[in-house]
Amino acid sequence: QLKISVTAAPVAGRATDHMVKFLAGIFGVTTKDITVVFGRMNVNKQLRILSPKNLPAVIAKHLT
């Protein structure tokens, strides 16, 4: 579970879209490779990221 804060207003899913764009850059994928499985209009979300090219250190350290 990650806690991410974005600057976009939580109006009509804009904050979620902003977060997906941010995460796409971090994971080295396109925005189309990220699916919001649950919580599009909720503060708690579940995402599916297809074939990430990069893993942030906060995630990679839990895989070893």
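Colour the chain by confidence to begin: in this predicted model, the lowest confidence falls in helix α2, residues 57–60, with a mean of 82, while the highest belongs to strand β2, residues 46–49, at 96. For the chain as a whole the mean pLDDT is 89, and 98% of the residues reach 70 or more.

**Helix α1**

Next, select residues 14–27, which make up helix α1. This helix has 14 residues and spans 20 Å from its first C-alpha to its last, close to the 20 Å expected at 1.5 Å a residue. Show its side chains and pick out the buried ones, which are Ala-15, Thr-16, Met-19, Val-20, Leu-23, Ala-24 and Phe-27. As you step along them, it helps to remember that an α-helix has 3.6 residues a turn, so residues three or four places apart point the same way. Now bring back the surroundings of the helix, and you will find that the cover over its buried residues includes β1 (34–38), β2 and α2.

Stay with Thr-16 for a moment: is this residue buried or exposed? Thr-16 counts as buried because its relative accessibility is 3%, and the cut-off for that word is under 20%. Leaving aside neighbours within four places in sequence, the residues in contact with Thr-16 are Val-36, Arg-40 and Lys-45. Then move to the end of the helix, where Gly-28, just after α1, takes a positive phi of about 70°.

**The core**

Select Met-19, Val-20, Leu-23, Ala-24, Phe-27, Val-29 and Ile-34 together, and you have the seven residues of the largest nonpolar core. Helix α1 gives the most to this core, with five residues. Centre the view on Val-29, a member of that core, and look at what surrounds it: apart from neighbours within four places in sequence, Val-29 is in contact with Ala-24, Ile-34, Ile-49, Leu-50, Ser-51, Pro-52 and Lys-53.

One of those contacts, Ser-51, is worth selecting in its own right, and its place is in the loop between β2 and α2. Ser-51 has a positive phi of about 45° although it is not a glycine, and it counts as exposed because its relative accessible area is 56%, where the cut-off is over 50%.

**The largest pocket**

Switch to a surface view for the next stop. Rolling a probe the size of a water molecule over the atoms shows where empty space is left. The largest pocket holds about 780 Å³ of space. Of the 29 residues lining this pocket, Leu-2, Ile-4, Met-19, Val-43 and Lys-45 are the closest to its centre. Two elements, α1 and β2, give two or more residues to the lining, and α1 gives the most, with six residues. Met-19 is therefore a residue to keep selected, since it belongs both to the buried set of α1 and to those closest to the pocket centre.

**Before the helix**

Finish in the segment before α1, where Ala-8 lies. Ala-8 is partly exposed, with a relative accessible area of 23%. Which residues does Ala-8 touch, not counting those up to four places away in sequence? They are Arg-14, Ala-15 and His-18. Draw a line between the C-alpha atoms of Ala-8 and His-18, and it will span 6.5 Å, although the two are 10 residues apart in sequence.

In the segment before α1 you can also select Ala-12, which has a positive phi of about 55° although it is not a glycine. With a relative accessibility of 63%, Ala-12 counts as exposed.

Note on methods:
Residues numbered from 1 in each chain as written. Predicted model: local features only at pLDDT ≥ 70, side-chain atom pairs only at ≥ 80, totals over all residues. Heavy atoms only, no water. Helix = DSSP H or I, 4+ residues; strand = E, 2+ residues; numbered from the N terminus. Buried < 20%, exposed > 50% of the residue type's maximum accessible area, 1.4 Å probe, protein only. Contact = heavy atoms within 4.5 Å. pLDDT = per-residue confidence, 0-100. Expected span 1.5 Å × (residues − 1). Core = buried A, V, L, I, M, F, W, Y, C linked by side-chain atoms within 4.5 Å. 1 Å grid on protein atoms, 1.4 Å probe; cavity = no way out; pocket = protein on both sides within 12 Å on 5 of 7 lines; lining within 4 Å. Points joined across faces, edges and corners; volume = space filled by probe spheres on them.
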